Amino acid sequence: QVQLVESGGGLVQAGGSLRLSCAASGRTFKTYNMGWFRQAPGKEREFVGVISWISTTTYADSVKGRFTISRDNAVNAVYLQMNSLKPEDTAVYYCAASSGVVVSTPSMYEYWGRGTQVTISS
């Protein structure tokens, strides 16, 4: 069992930065691939990026070059550094854990946090 809690969301102007954190419980955290997803009002949940258990990363085209995912297995945490933010980045951001292959499909993730709101003003 893995419990996930996101933090770090807020309201920033376009062009600004935010760093989201996801704190995880469980001794097996280091064996999970950790994904970040987001969901805007009226839209489906969207893949943002993933960091594998061996710390390789994959990003959605929409955030590539602006967002960076990292993890610290010593403190059971994963981070999403978001730079050059745009109004279209506004969404609730979720972290999720997957014990399987590295994928971008939400249904393949077994554990989810409750999300943190990110709002970008123009």
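**Notebook: aromatic rings and charges over them**

I looked first at charges over rings, and found the charged end of R19 over the ring of Y79, 4.0 Å from its centre. I count a charge as over a ring if NZ of Lys or CZ of Arg is within 6 Å of the ring centre and within 35 degrees of the ring normal. I noted also that the charged end of R45 sits over the ring of W112, 4.8 Å from its centre.

I worked on a predicted model, in which local features need pLDDT of at least 70, side-chain atom pairs count only at pLDDT 80 or more, and totals for chains, interfaces and linings use all residues. Residues are numbered from 1 along each chain as its sequence is written, and side-chain values use heavy atoms, with hydrogens and water left out.

I then turned to ring pairs (rings of Phe, Tyr and Trp, the last by its six-membered ring, with centres within 6.5 Å; planes under 30 degrees apart are stacked, over 60 edge-to-face, the rest tilted). I obtained six aromatic pairs by this rule. The ring centres of F37 and F47 are 5.8 Å apart and the planes stand at 70 degrees, so I entered this pair as edge-to-face. I recorded F37 and F47 as buried (under 20% relative accessible area, with exposed over 50% and partly exposed in between; 1.4 Å probe, protein chains only).

For F37 and Y109, I found ring centres 5.0 Å apart and planes at 80 degrees, so this pair is edge-to-face. Y109 is buried, as is F37.

I closed with the cluster that ring pairs form from F37, F47, Y94, Y109 and W112.
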